[in-house]
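Visitor: Please take one part of this model and go through it closely. I would like a connected account rather than a list.

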Amino acid sequence: MKLSDEAEQELAQVESVLKPLPNVKLEARLDTTLRFQVSFSAKKTLILRCHLPEGYPASRLVAEIRSKTLSQKLTDGLAQLAEAEAEKATGGPQVARTVAFVHNWLRDNPLCSAAEEIAEIKSRLLDKQEGDRLKLLQAESRVQLTAAKAGYRLSLQLTLPNDYPESRAEVELLSSNLPSSVSRQAVARSAEIARRCVEPPSYRGKDKKLRQQAAAWKPSPCLLPVAEFAFSFLRSCATQRCPVCDKPALATAAAATATASSVEDPADQLEF
């Protein structure tokens, strides 16, 4: 299919127009299809194909997005958004606008690298009747988890780095009305889970199988494992009973303040 002179002129200028976007690379042009790579990290990398239909630019281009690391559900949804953006420019240059839109979306939604984990947390871990919450702060690349049970609450914040999951997330305590030592233990164990997901085990023994396992180790996402621990930990603390008197290990009524440093610390009675 032969493109109009207007379309050919647009395509001849695409690379120069997109030059201010260092994360975009024009990989190939085959007839009426242009293939771009948009990459911010090993995880946040995708291929965008812009197919120019007959009658372009009077007709809207067709966007196709694929990725080896991002879910197909996410890339299909992004392709629909990209086509909607191209629709706004029907009759004029659409390619550079579409590519810039995909680039900006990937830049402004850093949590897309944890999209599958976030969906799993929402579908499997949250109990909204108890007061569990999940809050996403896209601009800061942060995820806030709040676990609640029997009046007790534990809120953690995870900050995901740009190259997540190759680098570990930072874990910090937002608020809790558990005894202070129990809250500290929750944060410390969450941070340790995050560390183990990105730092290889050090094994120098003679066991061949263990050496092979250590050599084959690869980084893994930590958001879901930390969330699983946090919700399980809080629910265990809130429901655990003393093995001697069979009374609740913690007071039945949770403190009203955000932290419970003034509460007498019963951490020694809790089993983890």
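Guide: Phe-233 lies in helix 8, and the model that shows it is a predicted one. Helix 8 covers residues 223-239. Phe-233 is buried, with a relative accessible area of 4%; the cut-off for buried is under 20%.

Phe-233 has an aromatic partner, Phe-229. A pair of aromatic rings is described by the distance of the centres and the angle of the planes. For Phe-229 and Phe-233 the centres are 5.3 Å apart and the planes make an angle of 40°. Stacked pairs have planes under 30 degrees apart and edge-to-face pairs over 60, so the pair of Phe-229 and Phe-233 counts as tilted. The count for the model is 1 aromatic pair.

The positions in the helix help to explain the pairing. An α-helix has 3.6 residues a turn, so residues three or four places apart point the same way. Phe-229 and Phe-233 are 4 residues apart in helix 8, which means about one helical turn separates them. Phe-229 is also buried, at 13% relative accessibility.

Phe-233 belongs to a wider setting as well. The largest nonpolar core has 38 residues, and Phe-233 is one of those with the most contacts inside it. Others in that group are Ile-121, Leu-145, Leu-158, Leu-178, Leu-223 and Phe-231. Helix 8 gives the most to this core, with 11 residues. Helix 5 (115-125), strand 6 (142-149), strand 7 (152-159) and helix 6 (180-198) also each give two or more residues to the core.

Phe-231 shows how parts from elsewhere in the sequence come together here. Leaving out residues up to four places away in sequence, Phe-231 touches Ile-121, Leu-125, Leu-126, Asp-132, Leu-145, Thr-146 and Ala-147. Apart from this core lies another, of 31 residues, which includes Leu-11, Leu-34, Val-38 and Leu-61.

For another helix, take helix 3, residues 72-87. Helix 3 has 16 residues and reaches 22 Å from its first C-alpha to its last, close to the 22 Å expected at 1.5 Å a residue. Among its buried residues are Leu-74, Leu-78, Ala-82 and Ala-86. The elements covering the buried residues of helix 3 include strand 3 (45-51), strand 4 (62-66), helix 4 (95-108) and helix 5. Helix 5 also gives residues to the largest core, the one in which Phe-233 has its contacts.

Notes
Residues are numbered from 1 along each chain as its sequence is written. This is a predicted model: local features need pLDDT of at least 70, side-chain atom pairs count only at pLDDT 80 or more; totals for chains, interfaces and linings use all residues. Side-chain values use heavy atoms; hydrogens and water are left out. Rings of Phe, Tyr and Trp (its six-membered ring) pair if their centres lie within 6.5 Å; planes under 30 degrees apart count as stacked, over 60 as edge-to-face and the rest as tilted. Buried means under 20% relative accessible area, exposed over 50%, partly exposed in between (1.4 Å probe, protein chains only). A nonpolar core is a set of buried Ala, Val, Leu, Ile, Met, Phe, Trp, Tyr and Cys residues joined through side-chain atoms within 4.5 Å. Contact means heavy atoms within 4.5 Å. The expected span of a helix is 1.5 Å times one less than its number of residues.
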